[in-house]
Amino acid sequence: MSQRVEKAVEILKNTGVRMTPQRHAILSYLLETMNHPTADEIYKALEGKFPNMSVATIYNNLRVFKDAGLVRELTYGDASSRFDANVEEDHYHAICSECGSIRDFHFPYLRDAEASAAESIGFRVTGHRMEVYGICEDCQKKTH
Ligand SMILES: [Zn+2]
Ligand SMILES: [Zn+2]
C-alpha cells in the first residue's frame, strides 16, 4: 500500500468512515492512476475484481471521498465529472480534446497574477482557474 493511500485511509478512519474492500480499491485506484478518471472509468477498471459492484457504489464512494476532502470533482459542462485525487499540490490541467483525459502540470508563475490583481485593483483574491486544451501524447501517436 502506498503512503498516499495509507494516509487517505487514516483520514477516512478519523472521520468515522468504515473501510470496505471495495472502498479501499476505489480509493487506491484514484490515488494511483492520477489520470482524473470518470466514475465509469473507475467502474470498468474494477468490475473484474468486484463483479457485484455497481456504478452507484462508485458514485457513493466518490461522494464520501469528496466530503472528506480527498478528491475534487471536476465538472466541464458535460454529464461526466472527472475526479482529481491530487488535492495537495497546486496544479493546472491540460485537457485532451480527443480522449478527454486530463493531465496535471505545474506552473507556479500564475501566483503573480493573483498578487497583481490584489495590488492593481485592490481585489481580495480567493483563487483562479486556468486550463490548457489540446491533444495528449497518446492521441498524437494514434493519428500518425
Ligand atoms: Zn488524448
Ligand atoms: Zn489534477
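Among contacts between residues at least 6 apart in the sequence of this protein, 50% join residues at least 24 apart. The model on display is predicted, and the tour below proceeds from the whole chain to individual residues.

**The whole chain**

Display the C-alpha trace first. Along its principal axes the trace spans about 55 × 50 × 30 Å. Colour the chain by secondary structure next: six helices and five strands make up the protein. Followed along the sequence, these elements give the pattern α-α-α-α-β-β-β-β-α-β-α. If the chain is then coloured by burial, 13% of its 144 residues fall in the buried class.

**Helix 2 against helix 3**

Select residues 21-33, which form helix 2, together with residues 39-46, which form helix 3. At what angle do the axes of helix 2 and helix 3 cross? The crossing angle is roughly 115°, and the axes come within 11 Å. Helix 2 is therefore roughly perpendicular to helix 3. The crossing of these two helices is right-handed. To see the residues at the junction, show the side chains of A25, I26 and Y29 in helix 2; they meet I42, A45 and L46 in helix 3.

**Helix 3 against helix 4**

Keep helix 3 on display and add helix 4, residues 55-67. The axes of helix 3 and helix 4 are 9 Å apart, and the two helices pack at an angle of about 120°. Helix 3 is therefore classed as oblique to helix 4. The crossing of helix 3 and helix 4 is also described as right-handed. On the helix 3 side, select A39, D40, I42 and Y43; these residues meet V55, I58, Y59 and L62 of helix 4. I42 deserves a separate label, since it appears in the contact with helix 2 and in the contact with helix 4.

**The largest nonpolar core**

Now select L27, L30, V71 and A85. Within the largest nonpolar core, which has 14 residues, these four touch the most other members. Helix 1 (3-14), helix 2 and helix 4 are the elements that each give two or more residues to this core. Which helix supplies the largest share of the core? Helix 2 does, with four residues.

Centre the view on A85. Apart from residues up to four places away in sequence, A85 touches L30, L31, M34, L70 and V71. Among these, L30 and V71 are also in the group of core residues that touch the most other members.

Move from A85 to L31, which is located in helix 2. Is L31 buried or exposed? L31 is buried, because 21 other C-beta atoms lie within 10 Å. With neighbours within four places in sequence left aside, its contacts are S2, R4, V5, A8 and A85. A distance label between the C-alpha atoms of L31 and D84 should read 8.5 Å, although these residues are 53 apart along the chain.

**The four annotated cysteines**

Select C96, C99, C136 and C139, which UniProt lists as "binding site" in an unreviewed entry. Why can these residues be said to gather at one spot? They span 44 residues in sequence, yet no two of their C-alpha atoms are more than 8.3 Å apart.

Begin with C96, which belongs to strand 3 (residues 92-96). It counts as partly exposed because it has 17 C-beta neighbours inside 10 Å. Beyond residues up to four places away in sequence, C96 touches S101, G134, I135, C136 and C139.

Proceed to C99, in the loop that joins strand 3 to strand 4 (102-105). With 12 C-beta neighbours inside 10 Å, C99 counts as exposed. Its contacts, leaving aside neighbours within four places in sequence, are C136 and C139. Both of these cysteines are also touched by C96.

**The annotated histidine**

The last stop is H128, another position at which the unreviewed UniProt entry places the feature "binding site". Select the loop between helix 5 (111-121) and strand 5 (131-134) to find H128. Is H128 buried or exposed? H128 counts as exposed, because it has 11 C-beta neighbours inside 10 Å. Finally, show L110, A113 and E114, the residues with which H128 is in contact once its neighbours within four places in sequence are set aside.

Methods: Residues numbered from 1 in each chain as written. Chains lettered and ligands numbered in written order. Predicted model: local features only at pLDDT ≥ 70, side-chain atom pairs only at ≥ 80, totals over all residues. Core = buried A, V, L, I, M, F, W, Y, C linked by C-beta atoms within 7 Å. Buried ≥ 20, exposed ≤ 12 C-beta atoms within 10 Å, placed from the backbone. Contact = placed C-beta atoms within 7 Å. UniProt positions renumbered as here; feature names shortened; annotations may be inferred. Axes fitted to C-alpha atoms, helices over the stretch in contact; angles between N-to-C directions. Parallel < 35°, antiparallel > 145°, perpendicular 65-115°, else oblique. Left-handed = near helix turned anticlockwise from the far one by under 90°.
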